[in-house]
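The following exercises are to be worked with the sequence and the coordinates at hand. Each task is followed by a solution in steps.

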Amino acid sequence: MKHIAVIGAGSIGRRHISNLHLLHPDAQLYWLGATGAIAEAERDADILYPAHPDELLSIQLDYCIVASPASNHLHFMRALLAKHIPVLVEKPLAASLADGQQMQQLCLAKPQTPVAVAYCLRFLPALQLLKTTLQNSDLGKVLHINCQVAQYLPDWRPGKDYRQSVSARAELGGGVLLELSHELDYLHYLFGPLHLHYSQLKHSDLLEIDVEDQADLLMSTQSGATVSLHQDFLQKTVQRRCIISTTVARLEWDLVQNSIWLFTGSEQQLLFSEPAYQRNQMYLQMLTAFEQQIQQPGTTSATLATVDDALCTLALIEQAKQQASIGPITPQQQGS
């Protein structure tokens with residue numbers, strides 16, 4: 001029988017527990033909140049609920065998913081790796097670059113214990129097709145990549161005060177740069193490490209939160225392509241897209257519509273369209289890929305994000321925060 005644990009009582013922790021039930025109906029699951037036991041109202045008869053992390057660490061686990069606030073990731077990672085327990089840690093890797101670097105050192109000290117970071121968008125069929133198209137098609141040199149992601153934060157978790165969420169609180173690792181870091185990860189996955197040239201972060205005061213709610217980054221790839229990224233918590237209509245322009249064509253990936261269009265001159269071709277795709281599938285595939293990595297010691301998944309990958313993203317975020325000041329949008333700025 002498999003013994004698998006999830007740490008974290010938020011929405012992503014609940015998703016992982018549900019998915020583990022689907023994948024392993026006969027497994028013994030353990031669920032621990034980031035600050036202690038899960039509330040009685042959340043409990044299921046098939047799951048065991050340790051009262052304290054020490055109780056969880058006394059169990060011989062096959063692996064553990066750390067889905068606590070990012071500010072707690074280092075604490076749990078250190079305890080789990082000391083027991084040689086494989087870890088799938090939710091994104092972002094940590095709330096600070098210093099914590100991320102410590103996590104990297106912990107992993108280097110335990111090279112036989114698998115660790116991966118849960119950047120789930122890598123498992124989208126559309127992204128896999130986009131990667132293959134860029135690698136195999138004669139599309140010429142990539143010139144420019146434009147990414148946009150925007151979603152109104154109060155709509156993220158219906159029925160809960162968004163101002164108390166991880167996304168909205170600096171001490172828990174909130175803000176658009178960390179919370180919406182999927183874009184930085186998939187750009188790294190497609191094009192390799194990015195170089196930051198400019199960053200502008202804004203705190204609009206429209207949401208009553210103490211973190212940046214808008215970010216604009218200008219970067220470049222190793223091959224010299226320009227990358228522009230916009231992130232915000234403010235737009236009422238969800239937007240998530242990536243446009244890749246080359247010397248021969250243009251690729252437009254719409255993550256909301258789940259489609260990819262290819263434009264070449266006056267012609268256009270729909271490369272991918274699956275609007276009914278069940279997004280939970282990418283989470284299930286991610287779990288399966290991590291389990292395969294555990295079962296085959298010494299191997300790594302071609303798709304799963306590594307700690308090194310996630311540390312590159314964290315370093316870029318830290319650099320963006322250091323180079324830009326965060327402040328309210330003034331009336332003069334709004335009218336410009």
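## Exercise 1: Helix H5

Task: Compare the expected span of helix H5 (residues 125–136) with the distance between its end C-alpha atoms.

Solution. The model is a predicted one. Helix H5 has twelve residues, and at 1.5 Å a residue it should span 16 Å. The expected span is 1.5 Å times one less than the number of residues. The end C-alpha atoms of H5 are 16 Å apart, which agrees with the expected value.

Next, list the buried residues of H5: Ala 126, Leu 127, Leu 130, Lys 131 and Thr 133. They cover an arc of only 160° around the axis, so they lie on the same side of H5. Gln 135 and Asn 136, on the other side of H5, are exposed.

Last, look for what covers the buried residues of H5. The cover includes helix H7 (182–191) as well as strands S11 (239–246), S12 (250–254), S13 (259–264) and S14 (267–273).

## Exercise 2: Helix H7 and the core

Task: Determine how many residues of H7 are buried, and find which residues Leu 187 contacts beyond its neighbours within four places in sequence.

Solution. Ten of the ten residues of H7 are buried, so the helix is mostly covered. Among them are the charged-type names Glu 183 and Asp 185, alongside Leu 184, Tyr 186 and Leu 187. Just after H7, Gly 192 has a positive phi of about 85°.For Leu 187, with those sequence neighbours set aside, the contacts are Ile 145, Cys 147, Gly 192, Leu 194, Met 219 and Val 227.

The largest nonpolar core holds 105 residues, and the members that touch the most others are Ile 145, Tyr 186, Leu 187, Leu 217, Met 219 and Trp 253. Helix H9 (residues 307–323) gives the most to this core, with seven residues. In soluble globular proteins, nonpolar side chains tend to be buried together.

## Exercise 3: The six-stranded sheet

Task: Give the strand order of the open sheet of six strands, and state which strands stand at its edges.

Solution. The order is S3-S2-S1-S4-S5-S6, and the pairing is parallel. Strand S3 (47–48) and strand S6 (115–118) stand at the edges; each has a single partner strand, so one side of each is left without a neighbour in the sheet.

Within the sheet, take strand S4 (residues 63–66) and strand S5 (residues 87–90), which pair in the parallel sense over three bridges. Ile 65 has Leu 88 as its bridge partner in S5.

## Exercise 4: Glu 179

Task: Is Glu 179 buried or exposed, and which residues does it contact beyond its neighbours within four places in sequence?

Solution. Glu 179 is found in helix H6 (residues 176–179). The cut-off for buried is under 20% relative accessible area. Glu 179 has 9%, so it is buried.

With those sequence neighbours set aside, Glu 179 is in contact with Lys 91, Trp 156, Arg 157, Val 166, Ser 167, Gly 173, Gly 174 and Phe 233. For one of these, Val 166, the separation from Glu 179 is 13 residues in sequence and 8.6 Å in space, C-alpha to C-alpha.

## Exercise 5: Cysteines and disulfides

Task: How many disulfides does the structure hold, and why is Cys 107 not bonded to Cys 64?

Solution. The structure holds zero disulfides. Cys 64 is in none, and the nearest cysteine sulfur, that of Cys 107, is 14 Å away. A disulfide needs the two sulfur atoms within 2.5 Å. The sulfur of Cys 107 is therefore too far from that of Cys 64 for a bond.

For burial, Cys 64 has a relative accessible area of 0% and Cys 107 one of 16%. Cys 64 is buried, and Cys 107 is buried.

Technical notes. Residues numbered from 1 in each chain as written. Predicted model: local features only at pLDDT ≥ 70, side-chain atom pairs only at ≥ 80, totals over all residues. Heavy atoms only, no water. Core = buried A, V, L, I, M, F, W, Y, C linked by side-chain atoms within 4.5 Å. Buried < 20%, exposed > 50% of the residue type's maximum accessible area, 1.4 Å probe, protein only. Helix = DSSP H or I, 4+ residues; strand = E, 2+ residues; numbered from the N terminus. Contact = heavy atoms within 4.5 Å. Pairing = 2+ DSSP bridges. Arc of directions from axis to C-beta.
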